[in-house]
Each structure stands twice: as C-alpha cells, then as structure tokens.
Amino acid sequence: MKRICVFCGSSEGANVAYKSKAVALGRLMAQNKIELVYGGGGIGLMGVIANAVMTNGGTVIGVIPRFLADRELGHQEISELILTDSMHQRKQKMAELADGFIALPGGFGTLEELCEILTWVQLSIIEKPVAILNTNGYFDNLIALFEHMTKERFLKESNKNLLLKANDENELIALMKEKISTIQKNLDRT
C-alpha cells in the first residue's frame with residue numbers, strides 16, 4: 001500500500017481526540033512510508049494530518065479545486081499541490097492516486113466523499129479498501145444508519161461490509177493491508 005487518501009474536515013472539531021488521532025495516523029503513515037493523498041487544505045483536520053505526515057518525513061499530495069484553494073487555504077508546504085477545475089475532478093484524481101481510503105471526522109464533504117467512494121467500490125468501478133477511523137465514536141450513528149439500511153433491505157449485507165472500521169489507527173492500517181492482500185489474491189486467480 002503506497003498511498004492512502006484521507007477524507008476529513010476543514011475544522012478540527014469539538015473534541016481534541018480528533019486532532020490527536022489525525023496526528024497519530026499521519027505519523028503512522030509516514031513511519032510506514034505510506035504517502036498521504038488528501039483534499040489539499042491547510043486548515044482543520046486536513047492541515048493537521050498533512051502536517052503530521054510532513055513532520056515525520058512523509059510525502060503529502062494535496063488535491064484541491066481552484067475555487068477552494070483560497071477558502072480552505074491550499075496547503076503550500078506539502079510535497080505536491082494539484083489544482084483541479086471542479087470537485088468531481090478532485091475526487092477522480094484522489095481516487096486515481098490512492099490505493100485505499102480512510103475517513104476521519106468531518107462534515108458534509110467528508111460524508112459525501114466517503115459515500116461516493118463506497119458506491120464506486122460497490123459498483124466495481126474501483127477495487128480498493130475503504131475505512132473509517134472511528135475516533136471517540138464519531139461514526140457510531142453512521143454505522144447504525146448503515147445497519148438500518150441493511151435491515152430495511154436498501155443495502156446488501158455484503159455491501160455494508162465493504163466499509164472497514166476501527167477505533168485504532170494501527171488496527172485500521174492492518175485491516176486495510178489485509179484487504180489489499182485479499183484483493184490481490186483474487187486478481188491473481190483471474
């Protein structure tokens with residue numbers, strides 16, 4: 001696993017645990033030589049994880065639409081900042097660059113990115129692991145919603161299980177590596 005795309009907020013949130021876990025994940029990624037692909041902002045959890053990867057000697061690739069570069073303060077001190085013309089191009093580029101995806105706490109944009117990438121995996125547009133780092137139970141209600149969707153038969157159990165979940169960054173990276181290994185084995189059989 002060479003690169004992970006992290007979706008997260010342009011705010012640090014109300015709980016200091018969100019920032020602490022973003023720092024821990026960034027440090028772990030750098031230590032494991034896993035490059036960060038992210039939304040390119042220099043504020044909020046986006047800036048926190050980018051700075052953590054850079055501080056620990058890692059590589060960071062930001063992807064941001066031109067119209068957001070000023071609003072989200074496009075991070076100028078990362079390895080590479082790619083400007084796109086639209087949100088769609090941003091998500092497409094991040095998907096092309098990444099070997100897997102992790103969502104940290106965030107708002108509508110984070111949720112939209114997570115659900116879109118899960119849909120792409122569900123539809124076999126891509127075959128890459130998608131995960132959430134459930135810091136301080138942030139995603140508990142989303143997990144419950146996915147359970148409800150499954151119970152009400154709007155979401156298949158197999159598709160619900162596409163989302164990897166952990167409260168610890170080490171466990172999450174291990175789950176993602178295991179998923180990539182399984183994907184590779186399945187590709188080798190075909």
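A residue counts as buried when its relative accessible area is under 20%, and as exposed when that area is over 50%. With those cut-offs in hand, this briefing looks at helix H6, at two residues with positive phi, and at the crossing of H4 and H5. The model is predicted. In H6, the residues Leu142, Ile143, Phe146 and Thr150 are buried. Seen down the helix axis, the buried residues of H6 fall within an arc of 100 degrees, so they line one face of the helix.

**Helix H6**

- H6 covers residues 140-151, which makes 12 residues.
- At 1.5 Å a residue, H6 should span 16 Å. Its end C-alpha atoms are 16 Å apart, so the model agrees with the expected span.
- Asn141 and Lys151 are exposed, on the other side of H6.
- The buried residues of H6 pack against two helices, H5 (108-122) and H7 (157-160).
- Those buried residues also pack against two strands, E6 (130-133) and E7 (163-166).

**Residues with positive phi**

- Arg153 comes just after H6, in the loop between H6 and H7.
- Arg153 is not a glycine, yet it has a positive phi of about 65 degrees.
- The relative accessible area of Arg153 is 77%. The cut-off for exposed is over 50%, so Arg153 is exposed.
- Lys33 sits in the loop between helix H1 (16-31) and strand E2 (35-38).
- Phi of Lys33 is near 55 degrees, a positive value in a residue other than glycine.
- Lys33 has a relative accessible area of 70%, so it is exposed.

**Where H4 meets H5**

- Two packed helices are described by the angle between their axes and the distance between the axes.
- H4 spans residues 87-97. The axes of H4 and H5 come within 12 Å and cross at roughly 60 degrees.
- That angle makes H4 oblique to H5.
- The crossing of H4 past H5 is right-handed.
- On the H4 side, the contact is made by Arg90, Lys91, Gln92, Met94 and Ala95.
- On the H5 side, Glu112, Glu113, Glu116, Ile117 and Trp120 make the contact.

**Points to locate in the structure**

- Find H5 from two directions: the buried residues of H6 pack against it, and H4 crosses it.
- Follow the chain out of H6 to reach Arg153, which is exposed.
- Look down the axis of H6 to see its buried residues on one face.

Methods. Residues numbered from 1 in each chain as written. Predicted model: local features only at pLDDT ≥ 70, side-chain atom pairs only at ≥ 80, totals over all residues. Heavy atoms only, no water. Helix = DSSP H or I, 4+ residues; strand = E, 2+ residues; numbered from the N terminus. Expected span 1.5 Å × (residues − 1). Buried < 20%, exposed > 50% of the residue type's maximum accessible area, 1.4 Å probe, protein only. Arc of directions from axis to C-beta. Contact = heavy atoms within 4.5 Å. Axes fitted to C-alpha atoms, helices over the stretch in contact; angles between N-to-C directions. Parallel < 35°, antiparallel > 145°, perpendicular 65-115°, else oblique. Left-handed = near helix turned anticlockwise from the far one by under 90°.
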